[in-house]
Amino acid sequence: MSVLMRDEAQTRAQFLDVQRYTIDLDLTAGEETFDSRTHIRFTAHTAGDTFVEIKPATLRSISLDGHPLDPAGLDGNRFPLTALSAGAHELRIDAAMHYSRTGEGMHRFTDPTDNETYVYTQLFMEDVQRVFAAFDQPDLKSVFALTVTAPEGWTVLGNGTVQHTEDGRWTLAPTPPISTYLVAVAAGPWHSVTTEHAGLPFGIHCRRSLAPHLDADADEILDITRACFDRFQEKFEEPYPFDSYDQAFVPEFNAGAMENPGLVTFRDEFIYRSAVTDTERQLRGMVIAHEMAHMWFGDLVTLAWWDDIWLNESFAEYMGYQTLAEATRFTDTWVDFGVARKGWGYDADQRPSTHPVAPDPAAVPDTASAMLNFDGISYAKGASALRQLVAWLGEKDFLAGINTHFARHKFGNATLADFIDNLASATDRDVHAWAEQWLRTTGVDTLTPHLTEADTTWSLTVDHHGTRPHRITVGTYDHAIDTQSGPDRLVLRDRFEIGIPQDHHTPTTRPGRRPALVLLNDNDLTYAKVRLDPDSWNTVVRSLSGIPDPLTRAVIWNTARDMVRDGELDPTTYLDAARAHLPHESDLALHQAVLTFATTQIAGRYLTPDNRPAALTTLTALCRDLIRRTEDGTNPGLRLIAVRHLIDAATQPDTIHGWLTEGTVPGGPELDPELRWRILTRLAVLGATDETTITAELEQDPSATGQEGAARCRAALPTPEAKAAAWHAMFTDDTLSNYLFTATAQGFWQPEQTALVHTYVARYYPEATQLAVRRGPAIAQAAGRDAFPTYAIDTHSLHLGEQGLTDQALIPALRRKLADQIDDLRRALAVRNAH
């Protein structure tokens with residue numbers, strides 16, 4: 001199969017206009033394939049040659065302007081169209097297409113709970129070719145008119161309103177001009193909740209087995225949808241550009257969600273069948289807002305080529321967090337962004353694979369290389385850059401520039417240059433220089449304060465290691481006069497803004513004695529690592545949880561996290577800070593982020609195996625404190641977080657085995673399916689359960705998530721037979737769906753089992769390489785992300801990884817994942833050696 005090159009796309013865009021696709025899909029042809037008939041009306045500007053893309057199971061027929069062409073002319077995924085005359089043409093293609101089990105193209109899923117089947121499309125980047133023939137590039141927008149034949153009892157959803165006619169036929173309203181990758185179909189016996197808002201039909205949909213859980217949350221989901229919709233209508237002068245708004249929660253979805261116009265698809269883990277925290281509900285709300293922002297950023301105005309993916313994702317990320325905070329009860333969204341999402345960007349930007357938010361076009365020569373940029377840089381760093389831009393530019397001018405952008409390019413395509421020109425039209429500031437400094441550079445700046453004190457004043461100078469200018473807030477804090485039990489309480493003395501140029505910072509002098517704590521980037525409006533002066537660090541050690549603002553605490557926890565990763569702070573010091581301050585912490589996002597980093601990275605990777613038991617003991621004691629703190633039932637979210645992490649940190653099976661037997665944690669909560677599978681997975685790691693128990697649990701919970709839980713448990717069992725069976729399922733059998741592959745991989749590697757699986761480390765690289773070639777990018781990414789030998793942290797494993805990267809057979813998706821994992825392994829070794 002040939003990937004599309006940028007220069008090929010540019011040539012074809014100059015050669016063609018595509019007016020309309022008329023597509024007929026028949027989903028009644030069987031379990032392996034469906035029928036796809038496509039009629040494309042297009043115009044060639046001059047005489048010449050081009051090609052159309054399709055990846056069929058069988059190409060039955062193809063005709064151009066009524067003249068049949070030989071289907072044998074298909075070369076990989078391209079059918080050549082030669083000697084075209086200038087003028088209008090009609091292309092007709094009839095093919096059988098494969099259903100997917102990997103979340104690409106037309107994914108087919110049968111729910112083990114009730115044996116109902118669902119299909120849905122995910123056509124991003126170049127997977128439209130798995131569903132229908134297309135001139136597949138984002139700047140050849142067209143109208144799409146689809147008709148779908150579906151089995152009796154199914155409902156068909158699409159980009160627009162749908163009419164159901166006789167014989168299971170469903171006709172979708174023609175779309176406005178959109179890109180090929182944004183076409184969407186979802187079909188099956190959906191459970192739906194529908195309403196109307198702002199004169200438009202709104203709907204939310206899930207598979208039938210999840211109906212009670214969707215119904216329980218329908219009001220919350222629809223309230224957030226309506227509130228964000230209304231806020232976007234206030235922000236943007238261009239009205240919502242499509243005729244309806246459906247949100248389908250679909251099974252085995254590879255991404256968090258996809259912004260198909262009028263039919264957003266979400267992974268159906270967002271339909272919660274077990275207890276969740278308010279932070280998790282906030283995350284779902286953010287994703288709803290993020291995808292809705294895409295209706296303008298990405299769907300109404302679309303990138304011309306994939307080097308500008310940040311024009312889609314960075315904006316949707318920024319708008320998702322900002323609009324959710326403005327329009328709903330979730331007013332502290334930027335705390336979660338700062339302590340959880342932002343680290344994704346920092347980590348990605350410090351690896352060898354880093355790239356600018358807006359990379360040079362030459363760095364994205366084809367679709368395969370473009371796919372690699374859907375990472376923490378295009379999302380979290382890009383959103384952080386936009387937040388800094390708004391702080392520098394002002395929201396009024398920022399929105400004015402955005403609205404000019406929409407007006408000039410609606411239903412068309414735009415580039416970085418277009419966007420910067422449109423922003424510049426709304427302000428006197430040098431936006432072009434800002435873009436060069438922020439969007440065309442890589443790496444994370446570090447800001448370090450230096451303080452001096454005189455009789456009646458103190459001064460701040462910032463050591464700036466990096467290349468970007470910053471506009472930041474400095475927060476200053478003093479110890480509170482009153483006394484209380486627990487950590488010292490701090491009070492805000494002052495917040496003031498300073499500008500930090502690219503190369504130096506002039507000292508800032510303030511009246512009074514130096515504060516107990518001076519914090520750079522206090523409200524987290526820029527993208528930079530910050531450090532603390534020694535006196536401020538000592539204050540933080542004593543008083544972190546006594547700081548009044550959770551966003552301030554998030555900046556400090558991020559600082560501690562960065563210092564651990566950079567070898568500047570002993571990992572056990574981070575654990576000690578967590579042990580001291582989390583019992584007094586009120587923000588759930590901070591609890592979740594700190595405990596996750598402490599469990600997965602510190603106890604799992606940065607400490608040696610000899611020191612892991614002591615770390616887990618500390619975490620267990622901390623979680624017991626949190627459970628005791630929540631005995632009165634006033635904070636069920638915190639109690640749930642503590643229970644989850646106590647399970648993950650358990651070194652002895654007795655307590656959690658007792659919970660499983662009794663079906664409850666003493667004092668609550670009762671064990672729902674998520675907690676039961678979590679306990680059983682940990683018992684499997686500890687060798688305290690067996691296949692009989694796993695099978696019995698699966699009989700109680702035969703759902704899709706139950707199947708994944710069982711696969712995870714079986715792979716985690718500490719026996720040679722269990723490991724061999726899991727390995728065979730992942731790397732030889734090739735029948736696991738994307739989700740079952742991931743669950744198996746998550747169970748396989750465990751910190752307690754490195755000796756048991758050490759022989760698989762060398763096997764991993766050649767076998768993952770071969771697997772990726774056979775099964776494609778989605779499984780390749782899962783193999784690099786979840787099946788990587790994460791806990792094999794030694795120089796021999798590093799050497800094996802570096803050798804594995806030299807394999808010329810690596811496909812780009814796996815090569816990028818391996819490069820990142822091996823760099824993280826190198827970092828873990830450096831952290832261990834530093835202490």
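## A tour of the salt bridges

Select R553 and E585 to begin: both residues are buried. This is a predicted model, and in it the two side chains meet in a salt bridge, with N and O 2.7 Å apart. Now colour the surrounding elements. R553 sits in helix α12 (residues 550–565), while E585 belongs to the loop between α13 (571–581) and α14 (588–606), so the pair ties together parts that are 32 residues apart in sequence.

Next, move along the chain and select R678 and D648. Their closest N and O atoms are 2.8 Å apart, and they form a salt bridge. Show the helices as cartoons here: R678 is in helix α18 (residues 673–685) and D648 in helix α16 (residues 636–649), so this pair links distant parts of the chain, 30 residues apart. Are these two side chains buried or partly exposed? R678 has a relative accessible area of 23%, which makes it partly exposed. D648 is also partly exposed, at 23% relative accessibility. The cut-off matters for this reading, because buried means under 20%.

For the third stop, select R281 and E220. Here the salt bridge has its closest N and O atoms 3.3 Å apart. R281 lies in helix α3 (residues 278–293) and E220 in helix α2 (residues 211–235); the pair links distant parts of the chain, 61 residues apart. Both R281 and E220 are buried.

Keep those two on screen and add D217, D278, R284 and R329. Which residues make up the network here? D217, E220, D278, R281, R284 and R329 are joined into one network by salt bridges that share partners.

Now zoom out and select everything. The structure holds 67 salt bridges, the pairs just visited among them. Try showing the charged side chains on their own: there are 72 positive and 115 negative charges, and the mean positions of the two sets are 3 Å apart.

Switch to a cartoon of the whole protein, and you will find 26 helices and 28 strands. The radius of gyration is 27 Å, close to the 28 Å that the globule rule gives for 835 residues, so the protein is as compact as a globular protein of that length. Along the principal axes, the C-alpha atoms fill a box of roughly 90 × 70 × 55 Å.

Finish with a surface view. The protein exposes about 30200 Å², and carbon and sulfur atoms supply 50% of that area. Beneath the surface, buried residues make up 60% of the 835 residues. Of the contacts with a separation of 6 or more, 73% are between residues 24 or more positions apart.

Note on methods. Residues are numbered from 1 along each chain as its sequence is written. This is a predicted model: local features need pLDDT of at least 70, side-chain atom pairs count only at pLDDT 80 or more; totals for chains, interfaces and linings use all residues. Side-chain values use heavy atoms; hydrogens and water are left out. Helices (H or I, at least four residues) and strands (E, at least two) are DSSP runs, numbered from the N terminus. The radius of gyration is taken over C-alpha atoms; the globule rule is 2.2 Å times the number of residues to the power 0.38. Buried means under 20% relative accessible area, exposed over 50%, partly exposed in between (1.4 Å probe, protein chains only). Contact means heavy atoms within 4.5 Å. Accessible areas come from the Shrake-Rupley method with a 1.4 Å probe; for residues, only the protein chains shown count as cover. Lys and Arg count as positive and Asp and Glu as negative; His and the chain ends are not counted. The place of a charge is taken as NZ of Lys, CZ of Arg, CG of Asp or CD of Glu. A salt bridge is a side-chain nitrogen of Lys or Arg within 4 Å of a carboxyl oxygen of Asp or Glu.
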